[in-house]
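Biologist: Could you take a close look at the open sheet in this model for me? I'd like to hear how the strands are arranged and what packs around them.

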Amino acid sequence: MSESKILVDVRNLKKHFSKGKDIWGRDTEVNKAVDGVSFQIRQGETFGLVGESGSGKSTVGRCLLRLYDYTDGEVLFDGQPLSKLDEKQLKPFRRRIQSIFQDPYSSLNPSLNVLELIGEPMKIHGIHQGEERKEAVAALLERVGLKREHLYRFPHEFSGGQRQRISIARALSVRPEFVVCDEPISALDVSVQAQVVNMLEDLQSEFGLTYLFIAHDLSMVRHISDRIGVMYSGHLVEVAESDELYEHPGHPYTKALLSSILEPDPHAISERIVLKNEGAGDRFNADGCQFRSRCRYATEQCAIEAPELREVSPNHYIACHFAESILSESDK
Ligand code: SF4
């Protein structure tokens with residue numbers, strides 16, 4: 001993996017939303033949904049991005065898709081800074097970067113049949129015409145486990161899992177290089193989740209895809225991700241290769257997330273860590289560590305000084321003043 005090129009390069013990305021303005025139109029309150037996030041994704045890699053609701057992970061995904069303009073920072077795709085491109089210049093990138101969202105029912109136009117839904121992006125980007133397009137759609141449908149006879153059916157005629165397969169076929173119809181998968185299995189039955197994850201892995205090898213895989217818990221992400229980033233309150237608090245993150249979590253928040261997963265591995269963390277609720281006003285705009293009111297390791301230093309994401313062992317980055325001692329405690 002280390003030899004493949006960097007396809008996605010996120011540099012100090014910030015996305016702030018105004019929550020209120022004064023009579024002069026100046027922001028009185030700001031939600032710092034993403035506040036200085038940096039990571040890279042190599043070609044062919046799956047980077048998992050995990051955090052609870054409101055952590056900023058989906059906002060990062062939407063910035064990468066340029067569905068949001070960013071407040072500051074930059075996203076480079078294949079070396080090109082996306083913020084510098086106008087809509088016309090973005091068009092080829094919109095083919096190369098596709099998305100799969102959590103709820104296929106709301107992301108699929110209910111008035112279009114499957115042929116139109118999957119054929120629409122091909123039409124926009126001038127890929128295939130007429131009968132050739134129909135054959136390409138039918139082949140994609142079969143590739144995602146559906147049938148040619150489904151071509152003229154509408155989204156409401158399918159189960160949730162089948163609708164997500166249609167969304168995946170639609171995303172792949174323009175032969176993208178990078179796919180933002182924003183909680184693609186969260187709305188599906190547990191029995192279907194593993195099937196969809198396995199299919200995404202097979203498609204990755206077949207089509208040479210690179211994924212950003214966003215999820216709210218760590219249970220499914222290990223299986224599909226090469227590396228994982230954990231987000232809390234707009235910040236990346238830990239980044240490591242998947243196995244390293246699961247076996248040696250060093251940030252108290254990552255440890256709490258992992259402890260909430262039922263683990264068949266007897267060597268896994270057995271103690272369930274229950275997080276304290278956040279105090280009012282702790283999130284957004286707070287000085288010091290954003291996690292401190294919920295952290296059992298917090299000291300006075302944590303209220304004054306925000307921890308930087310730093311490399312504590314090869315390719316393992318943690319944003320915590322006491323990462324080394326927490327890691328050694330975990331290893332005992
Ligand atoms: Fe906890 Fe302090 Fe580490 Fe933040 S910096 S995670 S409050 S110990």
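Modeller: Happy to; I'll go through the sheet, then the helices on it, then the cores and a few other parts. Please keep in mind that this is a predicted model.

Let's start with the strand order. The open sheet is built from 8 strands, and reading across it you meet β6-β7-β8-β3-β9-β10-β12-β11, with mixed pairing. The edges are taken by β6 (97-100) and β11 (310-313); each has a single partner strand, so one side of each is left without a neighbour in the sheet. From one strand to the next, the twist averages 25°. For a look at one pairing, take β10 (residues 235-241) and β12 (residues 316-318): they run antiparallel and share 2 bridges. One residue to find there is E238, whose bridge partner in β12 is I318.

Now for the helices. Helix α1 (residues 57-64) packs on the sheet and touches β3 (46-50), β6, β7 (178-182), β8 (210-215) and β9 (227-232). The direction of α1 makes about 150° with that of β8. Helix α7 (residues 190-207) lies across β3, β6 and β8, and runs at about 160° to β8.

That brings us to the nonpolar cores. The largest one has 65 residues, and I168, L203, F213 and L218 have the most contacts inside it. Helix α7 gives the most to this core, with 7 residues. If you zoom in on L218, you will find that it touches V50, I228, L245, Y246, T254, L257, L258 and I261, leaving aside residues up to four places away in sequence. There is also a second, separate core of 29 residues, which includes V8, V34, V37 and L64. As a general point, nonpolar side chains in soluble globular proteins tend to be buried together.

Other strands are worth a visit too. Strand β1 (residues 6-21) pairs with β4 (residues 72-77) in the antiparallel sense over 5 bridges, and R11 has E74 in β4 as its bridge partner. Strand β4 also pairs with β5 (residues 80-81), again antiparallel, over 2 bridges; here L76 stands opposite P81. β4 and β5 form a hairpin with 2 residues between them, and D78 in the turn has a positive phi of about 50°.

Finally, a word on cysteines, in case you are thinking about disulfides. A search of the whole structure finds 0 of them. C295 counts as buried because its relative accessibility is 11%, under the 20% cut-off. C302 counts as buried as well, at 7% relative accessibility.

Key. Residues numbered from 1 in each chain as written. Predicted model: local features only at pLDDT ≥ 70, side-chain atom pairs only at ≥ 80, totals over all residues. Heavy atoms only, no water. Pairing = 2+ DSSP bridges. Helix = DSSP H or I, 4+ residues; strand = E, 2+ residues; numbered from the N terminus. Disulfide = S-S within 2.5 Å. Buried < 20%, exposed > 50% of the residue type's maximum accessible area, 1.4 Å probe, protein only. Axes fitted to C-alpha atoms, helices over the stretch in contact; angles between N-to-C directions. Contact = heavy atoms within 4.5 Å. Core = buried A, V, L, I, M, F, W, Y, C linked by side-chain atoms within 4.5 Å.
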